[in-house]
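Colleague: Can you walk me through this one? I'd like to know what stands behind each label you use.

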Amino acid sequence: MIEPNTITAGDSIKILSRLTEPVADLIFADPPFNIGYKYDVYEDRKQYDEYYEWTEKWMKVCVEKALKPTGSFWVAIGDEYAAEVRVIARKLGLTLRNWVIWHYTFGQSTKKKFARSHAHLFYWVKDPKKFTFNDMAVRIPSARQTTYGDSRANPKGKVPDDVWSFSRVCGTFHERVKWHPCQMPERLLERVVKVSANPGELVLDPFSGSGTTCVAAARLKRQYVGIDLSAKYVRNAKKRIADTLAGLRKGTEIAENPATLRAQRKVNKKAKTSGRKSSKKKSSQANKTRGLFD
Ligand SMILES: C[S@@+](CC[C@H](N)C(=O)[O-])C[C@H]1O[C@@H](n2cnc3c(N)ncnc32)[C@H](O)[C@@H]1O
């Protein structure tokens, strides 16, 4: 049994193997990429076969033991093992819904080849017909609204494309914790949580690290379960969640793509102004779109 709204120190394969029934509506897994990051406990430089077999094991236990039949499974991975992860998921019988590219700025600058500025975000479901996809929760302003002034634009915006631009969490950001080497942006996790889990449902992160997925889930009123090998990361992540819920941590707006934020503000402002000017009937219409992209 796994208690909701907890983060546990331990090996996620062992912990999840003990489950007697699936618990997760959404699993978001951001495993170590096997590229030599310096973690507290985990050694991130394994032989190819060892890492591959380990990947097969944790993906299998997530899918077969933890994920509900209507659940969604997201995995973040680098170029080095993206192909392998894709093939393992196919063997596990998952249906790929999107292969999202997370494009980030603040990549390293290079001289002899192009700089890496992306990671892969796989999005699968167990049942291709029954799954949660809350499109209204993740819509963004369309180019028709922001650029072309096209009156046919859907005022509700559009579902984002499959290339997502979110900055990495840089050292200068309020959001950055100092005790974990590779923290994901909360904004990115918020999009995943909003689209794939309903309020009250359970989000599982088997490699919770600094606790980003759990923070996003808690903030969005979903339940969360995090697991990490490091007792120190678990201790600190719990504090991060408590501080977030107590309103002690600043918002994370800075991590959102600035262009998207600007576009969202522009559309919201327009909706507000037209709401003020128009008749009662029209303004009730505008109310429906006002603050849509907050
Ligand atoms: C890439 S980091 C996750 C970062 C996280 N997404 C965040 O935003 O902070 C991977 C994490 O997996 C943990 N880890 C490695 N092997 C594990 C295992 N077998 N069970 C649970 N956690 C593990 C590491 O300690 C590390 O914190």
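Modeller: Here are the labels in turn, each set against its definition.

Modeller: First, this is a predicted model: local features need pLDDT of at least 70, side-chain atom pairs count only at pLDDT 80 or more, and totals for chains, interfaces and linings use all residues. Residues are numbered from 1 along each chain as its sequence is written.

Colleague: Fine. How many helices and strands are there in the protein chain?

Modeller: The protein chain has 10 helices and 8 strands. They are DSSP runs numbered from the N terminus, with H or I over at least four residues for a helix and E over at least two for a strand.

Colleague: What makes you say that β8 is mostly covered?

Modeller: A residue is buried if 20 or more other C-beta atoms, placed from the backbone, lie within 10 Å of its own; 12 or fewer is exposed, and in between is partly exposed. In β8, 6 of 6 residues meet the buried label, so "mostly covered" is the term for that strand. Across the 294 residues of the protein chain, 35% count as buried.

Colleague: And which residues of β8 lie on each side?

Modeller: Side chains in a regular strand alternate between the two faces of the sheet. For β8, one side holds Gln223, Val225 and Ile227, the other Tyr224, Gly226 and Asp228, all buried. β7 is covered on both faces too, with Leu202 and Leu204 on one side and Val203 and Asp205 on the other.

Colleague: How do you know that β1 and β7 pair with β8?

Modeller: Pairing takes at least two DSSP bridges between two strands. β1 (residues 6-9) has 4 bridges to β8, in parallel, and β7 (residues 202-205) also pairs with β8 in the parallel sense over 4 bridges, so both pass. Threonine 6 stands opposite valine 225, while leucine 202 faces glutamine 223 and valine 203 faces tyrosine 224.

Colleague: Why does β2 count as paired with β7?

Modeller: β2 (residues 24-29) has 2 parallel bridges to β7, and at least two are needed, so they pair. Isoleucine 27 has leucine 204 as its bridge partner.

Colleague: What makes the ligand shell?

Modeller: A residue is near a molecule if its C-beta atom, placed from the backbone, lies within 6 Å of it. There are 23 residues around the ligand, and Asp30, Phe207, Gly209, Ser210 and Thr212 come nearest. α1 (12-17) and β8 (223-228) are the elements that give two or more residues to that shell.
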